[in-house]
Amino acid sequence: MSRREVVAALALAGIFVALYLTLYKLGAIGELSCRVGSCETVNSSPWAVFLGAPVAAWGVGFYVVTFAVALAGLQARFAGSRRLSLALVLLSGFGVLFSAWLTYLELFVIRAICQWCVVSAVIVLAIFAVSVWDYLARGDSRNATGESRP
């Protein structure tokens with residue numbers, strides 16, 4: 001399995017987690033299955049909405065975009081593209097920062113932890129780590145003649 005396939009698989013897992021939390025927030029499912037922590041406390045807090053939409057719905061969007069970019073990187077046209085790897089690093093880096101802010105809110109403002117939010121944060125961190133590994137493994141974008149590759 002290539003690094004970009006791993007990123008796509010992780011993003012797909014993130015889509016399911018974020019979709020589950022979004023469906024709860026929208027009232028499509030009755031209660032969250034939460035064995036550790038206080039998922040309902042976190043997801044019913046005022047911090048569970050960002051710019052008028054559930055935070056989890058923003059997560060679905062993030063993971064769908066990440067999944068699409070990773071899938072594009074599997075196509076022959078972009079298979080060797082370091083720029084696409086950089087796009088995954090920047091995208092997932094934003095996701096790590098946003099997850100860190102949400103984790104801060106859980107720990108110090110809401111004072112409750114949601115296990116699904118922790119799972120999502122771990123997935124984002126793993127996507128970031130694999131994306132950085134992919135970017136570094138592709139090396140310098142210059143070929144032997146010093147010209148940049150597309």
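**Figure 1. The whole chain, with five helices and two strands.** The secondary structure of this protein chain comes to five helices and two strands, and the model shown here is a predicted one. Following the sequence from start to end, you meet the elements in the pattern α-α-β-β-α-α-α. The C-alpha trace spans about 60 × 30 × 30 Å along its principal axes. The chain has 150 residues, and 34% of them count as buried. Its exposed surface comes to about 8,600 Å², with carbon and sulfur atoms supplying 67% of that area. Among contacts with a separation of 6 or more, 72% are between residues 24 or more positions apart, so keep both the sequence and the structure at hand as you go through the close-ups.

**Figure 2. The largest nonpolar core.** This view takes in the 26 residues of the largest nonpolar core; Val7, Leu21, Val42, Tyr63, Cys114 and Ile127 are the ones that touch the most other members. Each of H1, H2, H3, H4 and H5 supplies at least two residues of this core. H1 provides the largest share, eight residues. As background, nonpolar side chains in soluble globular proteins tend to be buried together.

**Figure 3. Val7 and its contacts.** Val7 is one of the core residues that touch the most other members. Setting aside neighbours within four places in sequence, Val7 is in contact with Thr66, Ala70, Leu88, Ile127, Val130 and Ser131. Two of these partners, Thr66 and Ser131, have close-ups of their own below.

**Figure 4. Thr66 in helix H3.** Look for Thr66 in helix H3, which runs over residues 55-72. Is Thr66 buried or exposed? With a relative accessible area of 1%, Thr66 is buried, because buried means under 20%. Beyond its neighbours within four places in sequence, Thr66 is in contact with Val7, Ala11, Leu88, Leu91 and Ile127. Among these partners, Val7 and Ile127 also appear in the list of core residues that touch the most other members.

**Figure 5. Ser131 in helix H5.** Ser131 sits in helix H5. Its relative accessible area is 1%, and therefore Ser131 counts as buried. Once residues up to four places away in sequence are left out, Ser131 touches Val7, Ser85, Leu88, Val89 and Ser92. To see how the fold brings separate parts of the sequence together, compare Ser131 with Leu86: they are 45 residues apart in sequence, and their C-alpha atoms are 7.8 Å apart in space.

**Figure 6. Tyr20 and Trp116.** Tyr20 lies in helix H1. How exposed is Tyr20? Its relative accessibility is 24%, so Tyr20 counts as partly exposed, the class between under 20% and over 50%. Not counting residues up to four places away in sequence, Tyr20 touches Ile29, Glu31, Leu32, Ser33 and Trp116. Tyr20 and Trp116 are 96 residues apart in sequence, while the distance from C-alpha to C-alpha is 9.0 Å.

**Figure 7. The largest pocket.** About 540 Å³ of space lies in the largest pocket. Of its 30 lining residues, Val55, Ala56, Gly59, Phe98 and Leu102 are the closest to the centre, a good place to start looking. The elements giving two or more residues to the lining are helix H1 (3-25), helix H2 (39-43), H3, helix H4 (82-110) and helix H5 (115-137). H4 gives the most, with nine residues. Sorted by class, the lining has 21 nonpolar, seven polar and two charged residues.

**Figure 8. Leu51 and Arg111, with positive phi.** Which phi value does Leu51 have? Although Leu51 is not a glycine, its phi is positive, about 55°. You will find Leu51 in the loop between strand S1 (49-50) and strand S2 (53-54). Leu51 is exposed, with a relative accessible area of 69%. Arg111, likewise a residue other than glycine, has a positive phi near 60°. Arg111 belongs to the loop between H4 and H5. At 65% relative accessibility, Arg111 is exposed, because the class begins over 50%.

Definitions and conventions
Residues numbered from 1 in each chain as written. Predicted model: local features only at pLDDT ≥ 70, side-chain atom pairs only at ≥ 80, totals over all residues. Heavy atoms only, no water. Helix = DSSP H or I, 4+ residues; strand = E, 2+ residues; numbered from the N terminus. Buried < 20%, exposed > 50% of the residue type's maximum accessible area, 1.4 Å probe, protein only. Contact = heavy atoms within 4.5 Å. 1 Å grid on protein atoms, 1.4 Å probe; cavity = no way out; pocket = protein on both sides within 12 Å on 5 of 7 lines; lining within 4 Å. Points joined across faces, edges and corners; volume = space filled by probe spheres on them. Nonpolar A, V, L, I, M, F, W, Y, C, P; charged D, E, K, R; others polar. Areas by Shrake-Rupley, 256 points an atom, 1.4 Å probe, with all protein chains shown as cover. Core = buried A, V, L, I, M, F, W, Y, C linked by side-chain atoms within 4.5 Å.
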